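This report covers one interface and one sheet of the structure shown below.

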Amino acid sequence: MQVVEPKTGLAVAVKATVKRDLTLLLRRRGEVLNPLVFFALVITLFPLGISPDTDLLAEIAPGLLWVAALLATQLSLDVLFRGDFDDGSLEQLLLAPQPLPALVLSKVLVHWLLTGLPLAVMAPLLGVMLALPAGSYAVLAVSLALGSASLSLIGAIGAALTVGLARGGVLLSLLVLPLYIPVLIFGAGAVQVAVLGGNAAPHLALLGALLALALMLAPWAIAAALRISING
Amino acid sequence: MRCVSWARHAFNGRDWLAKERVWSLMGFACKVPSEPGWWENAVTFRLEGRGLGCERDDRWLFANLDLAVGPGEMLRVEGPNGSGKTTLLKILSGQLSEHDGELLWSGKPMRRNRTAFLANLLYLGHAPGVKSALSPLENLAWYQALNGEHGSEASRMAALDEIGLYGFEDVPVAQLSAGQQRRVALARMLLSPRPLWVLDEPFTAIDRQGVAALETRLQTHVARGGSVILTTHHELTPLPALRRVSLGVS
């Protein structure tokens with residue numbers, strides 16, 4: 001029997017992984033809806049709990065929306081690799097003759113498409129409840145779309161490190177939250193500036209820079225973390 | 001006459017420009033390899049472990065283990081529960097990096113030609129690696145794509161029919177029995193030709209006919225020049241190609 005030469009076909013593998021993960025998550029809608037419902041509930045409860053005073057709400061809205069979105073992303077991270085780890089697909093993913101960073105990047109992409117992007121789309125609607133001034137909706141959506149992609153990438157490193165642990169949820173939060181802080185500061189800052197009528201472009205540019213950095217480094221970190229977890 | 005037939009072989013072989021052969025073509029006296037199939041040497045494979053050892057929780061599972069598997073060989077890893085069979089299989093499939101000794105694939109250290117090794121490996125672990133929310137066809141499509149192949153729906157259907165899942169191709173795996181789920185994973189053996197199979201308890205949850213068919217399949221693979229490393233508590237038919245490694249025996 002002849003030796004098989006490694007084929008390239010990375011595009012085929014990445015496309016199939018994206019398709020597979022999308023199908024899986026769309027068949028288990030509960031997992032997809034959970035962070036979105038959490039986000040909506042938290043934001044709905046704030047006006048009830050604090051005060052219906054629109055001036056006060058408008059002032060705290062950027063921070064509230066961003067913190068709630070960040071926690072909603074955090075909530076969805078634990079299951080990113082858990083299912084694959086439990087049924088043995090993860091070891092098969094690591095044994096694929098393809099570069100692992102590219103394969104994990106496609107998994108993170110699906111996570112962002114079904115968590116970060118819906119959060120960014122929902123946020124302006126919830127902003128209405130918090131009496132967010134009209135001019136800042138676009139900035140809110142864009143900042144969340146950019147920021148949540150960084151959050152997915154950074155969070156995936158933590159998820160990969162804790163996937164082998166039976167109860168990694170708390171550890172995952174502790175590992176990942178400090179790394180989320182720059183994204184939170186610039187994201188909420190962008191919306192704040194837009195609320196005050198200033199130019200949010202510098203903040204958005206910084207969010208973009210953070211995303212570029214995360215895109216460059218996170219896939220390799222996730223791949224290494226997965227190898228460590230499988231070793232354990 | 002000998003020279004003519006040799007020259008034909010030389011051009012069929014991959015490294016026909018090797019020094020001795022060119023010299024010999026130019027009329028120099030030269031050693032002509034005589035064993036049949038020698039020109040295929042460049043494309044055969046061999047997985048070799050030297051001085052393998054693994055320590056878990058301050059206990060050595062095994063140490064100084066030397067083994068090698070080449071074409072047409074079947075290696076059975078034996079030992080009682082907890083003796084490190086699965087760990088050894090994981091080391092041999094390149095999944096665990098924390099171990100003593102070194103692994104060689106076709107003579108080169110595994111670290112350096114990992115992709116070449118992985119392209120030749122089919123590993124089936126304890127967990128079948130099958131997604132319960134997907135159908136058997138969708139599961140196989142993903143595995144084919146991971147190899148960089150598109151594959152065809154017809155080939156996947158044929159593999160599932162042959163493994164005994166006719167009529168279940170589109171049923172979500174969650175609705176199949178444990179043995180049928182195992183068969184979905186086993187169908188990967190029929191899809192992409194991989195010379196080296198590393199199988200961890202492949203007979204688990206398979207019915208009697210299935211076990212016989214699987215054993216025949218393993219023998220055919222070995223007869224075709226593939227190789228198999230497996231652990232099982234099932235009694236295998238003794239074959240000349242079957243070798244054994246025993247763990248946990250002091």
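## Interface and sheet of chain B

In this predicted model, 40 residues of chain B are in contact with 30 residues of chain A. On the side of chain B that touches chain A, the elements giving two or more residues are helix 4 (114-118), strand 6 (121-124) and helix 5 (136-146) of chain B. Helix 5 of chain B supplies the largest share of that side, five residues. The table sorts the side of chain B that touches chain A by residue class.

| Class, side of chain B touching chain A | Number |
|---|---|
| nonpolar | 20 residues |
| polar | 14 residues |
| charged | six residues |

Strand 6 of chain B, named above as part of the interface, also belongs to an open sheet of five strands in chain B, with the order 6-7-8-3-9 and parallel pairing. Strand 6 and strand 9 (242-246) of chain B each have a single partner strand and stand at the edges, so one side of each has no neighbour in the sheet. On average, neighbouring strands of this sheet are turned by 15 degrees against each other, direction ignored.

Within the sheet, strand 7 (residues 196-200) and strand 8 (residues 227-231) of chain B run parallel and are joined by five bridges. V198(B) has I229(B), in strand 8 of chain B, as its bridge partner.

Which strands does helix 9 of chain B lie across? Helix 9 (residues 208-223) of chain B lies across strand 3 (74-78), strand 7 and strand 8 of chain B. Relative to strand 8 of chain B, helix 9 of chain B runs at about 145 degrees.

Definitions and conventions. Residues numbered from 1 in each chain as written. Chains lettered and ligands numbered in written order. Predicted model: local features only at pLDDT ≥ 70, side-chain atom pairs only at ≥ 80, totals over all residues. Contact = placed C-beta atoms within 7 Å. Helix = DSSP H or I, 4+ residues; strand = E, 2+ residues; numbered from the N terminus. Nonpolar A, V, L, I, M, F, W, Y, C, P; charged D, E, K, R; others polar. Pairing = 2+ DSSP bridges. Axes fitted to C-alpha atoms, helices over the stretch in contact; angles between N-to-C directions.
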